Amino acid sequence: MSTAACPEAHSLQKPDLPSPRPASQWEMAWRRLKKDRAALVGAVICFLLIVLAVLAPWLAPYDPILQHRPDGLTATGEPLPPNRTFWLGTDRLGRDVLSRLIWGARVSLLVGIVGNGLSVLVGLFLGATAAFLGGWVEAAIMRLTDVVMAFPTLLLAIALGAVLRPGVDILILIIGLTYWGYLARIIHGRVLSLKECDFVMAARSIGGSQAYILWRHILPHLVSPTIVYTTLGVASTVLIEAELSFLGVGVRLPTPSWGGMISESQRAIFSAPWLFMGPGLALMLTVLGFNLLGDGLRDALDPQSRR
């Protein structure tokens, strides 16, 4: 019996289903990232720190620069240990350590994220421009990069901090002007390899302008390394901010900063260990969280690399 004479036969035949859409690079990266438990832990830590920094005015129990006297000091004028009123104790001026720790997260993450973002923009622009244009432009930019990288980043930041007026805005500018050399080198090498790819040669052969090729064909391939470097760079810039504040060339007092809090606790390191344990643990968690997230993003976006 032919299928034309049997309508039921048509119903038994499987209809032609459209082929599933292939997963994009970002979808596959997200699948790999979800399987990385360490990266998820880092993402949770980073999210909680950012929420803590954004909601600092509402989460901090007291004004971070308010001196609680005489309730915030002992009868002999020493800092109070952790208690029901001050959960992490007070410092030698009677200020609440927990409140300063929460506000310090806002300052440290602001300097770390914005300063690192500025350095990423500078490194991305200079590295891509040097590799794409070539010639004397490439030579000039790469020699400038060599000069910046020749100086230790922390030493150069200390020198600029000592010359300029310390503050959050100046600290962001210092980090942005001293931390871009490494990314510029990475982007420079990546763009040099992309220039020789077939799709770039084809775009150039049909008359594509330099700006169009750079924006349409080169920059999309720089997103992955830029995201990874940005995430890993936040941990380094937060540490640089803490080091500069510790040395007295960073955030000005009495603005709370984790590095400044550790510096102030040196005189009471044995008698009041809670003064440096809070900001020290906060720095450790911040660096750990962003490093775990950055390593996970690197493995997810570039599956050929392994931790």
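The second largest pocket of this predicted model holds about 150 Å³ of space. Its lining is made up of L49, L52, L98, L101, I102, W258, G278, L281, A282 and L285. A search of the whole structure also finds one cavity of 30 Å³ or more. Two helix pairs, α3 with α5 and α10 with α11, are described further down.

**Second largest pocket**
- Helices α3 (37-54), α5 and α14 (274-301) each give at least two residues to the lining of this pocket.
- The largest share, four residues, is supplied by α14.
- Sorted by class, the lining has nine nonpolar residues, one polar residue and no charged residues.
- Since Gly is counted as polar, G278 in the lining is the one polar residue.

**Packing of α3 and α5**
- General background: a pair of packed helices is described by the angle between the axes and the distance between them.
- For α3 and α5, the angle is about 105° and the axes lie 8 Å apart.
- An angle from 65 to 115 degrees counts as roughly perpendicular, so α3 is roughly perpendicular to α5.
- From α3, the residues L49, I50, L52, A53 and V54 meet I102, A105, R106 and L109 of α5.
- This contact consists of eight nonpolar residues, no polar residues and one charged residue.
- L49, L52 and I102 take part in this contact, and these residues also line the second largest pocket.

**Largest cavity**
- The volume of the largest cavity is about 90 Å³.
- Its lining residues are D91, R92, V97, R100, M261, E264, S265 and L275.
- At least two of the lining residues come from α5 (97-133), and at least two from α13 (258-264).
- The lining divides into three nonpolar residues, one polar residue and four charged residues.
- Asp, Glu, Lys and Arg count as charged, so the charged members of the lining are D91, R92, R100 and E264.

**Packing of α10 and α11**
- Helix α10 covers residues 198-205 and helix α11 covers residues 210-218; their axes come within 10 Å and cross at roughly 150°.
- Angles over 145 degrees count as roughly antiparallel, so α10 is roughly antiparallel to α11.
- The crossing of these two helices is right-handed.
- F199, V200, A203 and R204 of α10 meet Q210, I213, H217 and I218 of α11.
- By class, the contact has five nonpolar residues, two polar residues and one charged residue.
- R204 is the charged residue in the contact, because Arg is among the residues counted as charged.

Conventions
Residues are numbered from 1 along each chain as its sequence is written. This is a predicted model: local features need pLDDT of at least 70, side-chain atom pairs count only at pLDDT 80 or more; totals for chains, interfaces and linings use all residues. Side-chain values use heavy atoms; hydrogens and water are left out. Axes are lines fitted to C-alpha atoms, for helices over the stretch in contact, and angles run from 0 to 180 degrees between N-to-C directions. Angles under 35 degrees count as roughly parallel, over 145 as roughly antiparallel, 65 to 115 as roughly perpendicular and the rest as oblique. A crossing is left-handed if the near helix is turned anticlockwise from the far one by less than a right angle, and right-handed if clockwise. Contact means heavy atoms within 4.5 Å. On a 1 Å grid over the protein atoms alone, a cavity is a set of points where a 1.4 Å probe fits but cannot get out, and a pocket is an open set with protein on both sides within 12 Å along at least five of seven lines; lining residues have an atom within 4 Å of a point. Grid points are joined across faces, edges and corners, and a volume is the space filled by probe spheres set on the points.
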